Amino acid sequence: MTEETAAMPASTQLSVRDVVTVKLPAASAYLSVLRTATAGLAARLDFTLDEIEDLRIAVDEACAMLLAQAVPGTDLTCEFELTGDAVRISVAVLTVDGQEPSRDTFAWTVLSSLAGEVDAQVGSDDRVTVTLQKRRGVAGAP
């Protein structure tokens, strides 16, 4: 929340979306930028250090899945949507074959355990998007 939104009436604050979009070349050399952005934004939501590290690894894994089928020379887009206790991260890239990542692999299982909610979809232009959503843990919860 910024100083400007803090001064707004509560009814107006509800309509404001807190979204950060990062667009970078679809190459593994740039993934450190997304890992850093992920950590910074999760810290802003008061995620624990373990939750932040889980998200960093999850974003890295989602990107690795997508980069394997990315059209060379295209961009990878990552959108972070922050809410009070959760972050929703969508990673998208134009792909060669327009295939969703397989959900019955070890990588998908690891991704699901790290991020909480995970989904994938294919757009009409063969753009594949992997979406992660992680909620901040409740203090004292196992």
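The following exchange takes up several features of this predicted model and asks what each description rests on.

Reader: Before the details, how is the chain built up, and what order do its elements follow?

Author: The chain has five helices and five strands, and from the N terminus on these run α-α-β-α-α-β-β-α-β-β. Of the 142 residues, 36% count as buried, and the chain exposes about 8,000 Å², of which carbon and sulfur atoms supply 53%. Among contacts with a separation of 6 or more, 64% are between residues 24 or more positions apart.

Reader: Why is the pairing of D85 and R135 called a salt bridge?

Author: The term requires a side-chain nitrogen of Lys or Arg within 4 Å of a carboxyl oxygen of Asp or Glu. The side chains of D85 and R135 meet with N and O 3.4 Å apart, and because this value falls within 4 Å, the pair qualifies. It belongs to a set of eight salt bridges found in a search of the whole structure.

Reader: What does the bridge between D85 and R135 tie together?

Author: D85 lies in the loop between β2 (75–82) and β3 (86–94), whereas R135 belongs to strand β5 (residues 127–135), so the bridge ties together parts that are 50 residues apart in sequence.

Reader: Are D85 and R135 to be called buried or exposed, or something in between?

Author: Buried is reserved for values under 20% relative accessible area and exposed for values over 50%. D85, at 32%, counts as partly exposed, and R135, at 46%, also counts as partly exposed.

Reader: What makes E100 and R103 a salt bridge, and how accessible are these two residues?

Author: The closest N and O atoms of E100 and R103 are 3.1 Å apart, and since the limit is 4 Å, the pair meets the criterion. E100 has 35% relative accessibility and counts as partly exposed, as does R103 at 39%.

Reader: How do you know that R127 and D125 also form a salt bridge?

Author: Here the closest N and O atoms are 3.6 Å apart, so this pair, too, lies within the 4 Å limit. R127 is partly exposed at 30% relative accessibility, and D125 is partly exposed at 42%. Elsewhere, salt bridges that share partners join E100, R103 and D119 into one network.

Reader: Why is T95 called buried, and where in the chain is it found?

Author: T95 is found in the loop between β3 and α5 (106–115). Its relative accessible area is 3%, and because buried means under 20%, T95 belongs in that class.

Reader: What makes the approaches of T95 to G98 and D126 polar contacts?

Author: The cut-off for a pair of N or O atoms is 3.5 Å. The side chain of T95 reaches the backbone nitrogen of G98 at 2.8 Å, while the backbone oxygen of D126 lies 2.6 Å from a polar atom of the side chain of T95, so both distances satisfy the cut-off. Leaving aside neighbours within four places in sequence, T95 is in contact with Q69, A70, V71, D126 and V128.

Reader: How do you know that β4 and β5 pair, and in which sense do they run?

Author: Two strands are taken to pair if there are at least two bridges between them; strand β4 (residues 117–122) and β5 have six, in the antiparallel sense, so the requirement is met. Q121 stands opposite T129 in β5. The two strands form a hairpin with four residues between them, and D126 in the turn has a positive phi of about 65°.

Reader: How do you know that the span of helix α4 agrees with its number of residues?

Author: At 1.5 Å a residue, the 19 residues of α4 (residues 49–67) should span 27 Å, and the end C-alpha atoms are 27 Å apart, so expectation and model agree.

Reader: Which residues of α4 are buried, and against what do they pack?

Author: The buried residues of α4 are E51, I52, L55, A58, V59, A62, C63, M65, L66 and L67, and they pack against α3 (31–44), β2, β3, α5 and β5.

Reader: Why is A107 called partly exposed, and which residues does A107 touch?

Author: A107, found in helix α5, has 23% relative accessibility, and because this lies between 20% and 50%, A107 counts as partly exposed. Not counting residues up to four places away in sequence, A107 touches E61 and M65. A107 and A62 are 45 residues apart in sequence and 8.8 Å apart in space, C-alpha to C-alpha.

Key
Residues numbered from 1 in each chain as written. Predicted model: local features only at pLDDT ≥ 70, side-chain atom pairs only at ≥ 80, totals over all residues. Heavy atoms only, no water. Buried < 20%, exposed > 50% of the residue type's maximum accessible area, 1.4 Å probe, protein only. Polar contact = N/O pair within 3.5 Å; in protein donor to acceptor, adjacent residues only side chain to side chain. Contact = heavy atoms within 4.5 Å. Areas by Shrake-Rupley, 256 points an atom, 1.4 Å probe, with all protein chains shown as cover. Expected span 1.5 Å × (residues − 1).
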